[in-house]
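Hi,

Here is the structure I promised to pass on. Have a look at it first, and then read my notes underneath.

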Amino acid sequence: MILTNLTATYTDLYQITMGQVYFLKGAANDRVVFDYFFRKIPFKGGYAIYAGLQDVLEILQNLSFSADDLEYLKSQGFNKDYVDSLKDFKFRGCIYSAPEGDLIFPTRPILRVEATMLEAQLIETVLLNIINFQSLIATKAARVKQVAKDKILSDFGLRRSHALGGLSASRATIIGGFNSTSNVLAGKDYDIPIAGTMAHSFIQSYDDELAAFRDFAEGRPDDCILLVDTYDTLKSGVPNAITVGKEMEAKGKKLVAIRLDSGDLAYLAKKARKMLDDAGLPYVKIAASNQLDEYVIKSLMDQQAPIDIYGVGTNLVTGQPDAAFDGVYKLCLSNDQPRIKLSENLSKTTLPDRKQVWRLYDQDGFLFGADAISLYDETDIDVMHHAYEPHKQLDIRNITKKPLLKKVFDNGEILTGSPSLSDISKYSQEQLSLLPDEYKRFEYPHNYKIGISSKLRALRNDLREKYKVKKG
């Protein structure tokens, strides 16, 4: 798999530069803790989906500097002794994480890294790169799945994706609830079902549409989907598809679907459905593509368009309209000393020390709409305080709480096994089913509450006071 072949130079320059300072000052092996979290839910939504964890773990298991990497770093002026020390680099730290596919919300830790300073610094960029992108795309896919309900969803985005990011995008769409991808390499590397149809150019290369359909059906008799809008959808494309469908029946085969890729999709789908049914081909499905997203599909569903398969491309794999996930990686402990990053804006002041996150459930087992953050060794939290509005708090003594951060990687070994994408997707869909509908609205969703324990709030406030710059 391409991603697991990355070397440790897949990073930003400042990670290696800071690493050299730590090395020269004898601090490279200082023990530190970093948190990964994000600040803003994309798409103005009420939730996000956590994706990319397994890829990150597999990358870290194999991450090292090649001989070519080391020679390159020497050519860039890095200290020879420092570069030589990187020859034996391997990430031997441990990682605590929420389950991949989980629902995630702003400001609370999603993943915790405990390692040496050098190790933790050198993995930052690849961790952010993979998790931020896959979480963005998985969230977009989940929104599409939310409105498409039980329709078949296929990722058609490779040609519009961000170069090799198309591999990560295809993986993330499955976690978000898609069924298949057109991306053959992603299908091979991630064991994703692959699906596809034909291009207009195939039909244009023939003198007539019917001959093109016949040859395609002959070459793909068990998985034939015909693109019907090259010339005239209702006067040419669908009638020719019906002809081929009947010919396939006579040979003991079945036409799987027709595909609409332009025009008024709801109108054309309704007309095509009637034509197929009247011709005795009720089993032939209708697929649709062309600049689809959750809003277009919601409109088609509201119009009761008889579309069975949605091929979603550009808007999905590029995360439109947001295009980036606001995930960050912040130091919270160094040599057993809690660390904090201050800001005039309290919402950008980080939470110090090792932490645990608790998910709250109501008496019926549904999400309570809140996660509580505590110090890692707290086991009983009575009250959670609003992280940034000091006078708001919530009594949670009688509410079921489950810890989310569990050890998933230790001393070079993955502890989670190799969960399949279908299992991760199933888990994600189960979690979404527990989230009340008001958090899943596309417009003005409820704000999921994130609170902190009394002990964590006191520690943060003490550190804010300690490091506050005195004016005057």
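Below is what I found, going from the core to the sheet, one helix and the aromatic rings.

Before you dig in: this is a predicted model, with local features needing pLDDT of at least 70, side-chain atom pairs counting only at pLDDT 80 or more, and totals for chains, interfaces and linings using all residues. Residues are numbered from 1 along each chain as its sequence is written, and side-chain values use heavy atoms, with hydrogens and water left out.

The core first. By nonpolar core I mean a set of buried Ala, Val, Leu, Ile, Met, Phe, Trp, Tyr and Cys residues joined through side-chain atoms within 4.5 Å. Buried is under 20% relative accessible area, exposed is over 50%, and partly exposed is in between (1.4 Å probe, protein chains only). The largest such core holds 137 residues, and Val-113 and Ile-258 have the most contacts inside it. Helix α6 (residues 124–148) supplies the largest share of this core, 14 residues. Helices (H or I, at least four residues) and strands (E, at least two) are DSSP runs, numbered from the N terminus. Another core, of eight residues, lies apart from the largest one and includes Trp-358 and Met-384.

What does Val-113 touch, leaving aside its neighbours within four places in sequence? Taking contact as heavy atoms within 4.5 Å, its partners include Val-33, Phe-91, Ile-123, Leu-127 and Tyr-329.

Now the sheet. Seven strands form an open sheet in the order β13-β12-β1-β5-β3-β19-β20, with antiparallel pairing; two strands pair if DSSP finds at least two bridges between them. β13 (337–338) and β20 (413–414) are at the edges with a single partner strand each, so each has one side without a neighbour in the sheet. Helix α6 turns up again here, packing on the sheet and touching β1 (31–38), β5 and β12 (327–334). Its direction makes about 140° with that of β12 (axes are lines fitted to C-alpha atoms, for helices over the stretch in contact, and angles run from 0 to 180 degrees between N-to-C directions). Within the sheet, β3 (residues 94–97) and β5 (residues 111–116) pair in the antiparallel sense over four bridges, and Ser-97 stands opposite Leu-111 in β5.

Helix α3 (residues 67–75) is worth a look too. Its buried residues are Asp-69, Leu-70 and Leu-73. Down the axis of α3 they fall within an arc of 95°, so they line one face of the helix (the arc is that of the directions from the helix axis to the C-beta atoms). Ala-67, Asp-68, Glu-71 and Ser-75 are exposed on the other side. The cover over the buried residues includes α1 (13–24) and α4 (80–85). Just after α3, Gly-77 has a positive phi of about 90°.

Finally, the rings. Rings of Phe, Tyr and Trp (its six-membered ring) pair if their centres lie within 6.5 Å; planes under 30 degrees apart count as stacked, over 60 as edge-to-face and the rest as tilted. That rule gives 11 aromatic pairs. Phe-38 and Phe-325 make a tilted one, 4.7 Å centre to centre with 35° between the planes. The two are 287 residues apart, with Phe-38 in strand β1 and Phe-325 in the loop between α14 (314–317) and β12. Phe-38 is buried at 0% relative accessibility, and Phe-325 is buried at 8%. Ring pairs also link Phe-23, Phe-78 and Tyr-82 into a cluster.

Cheers
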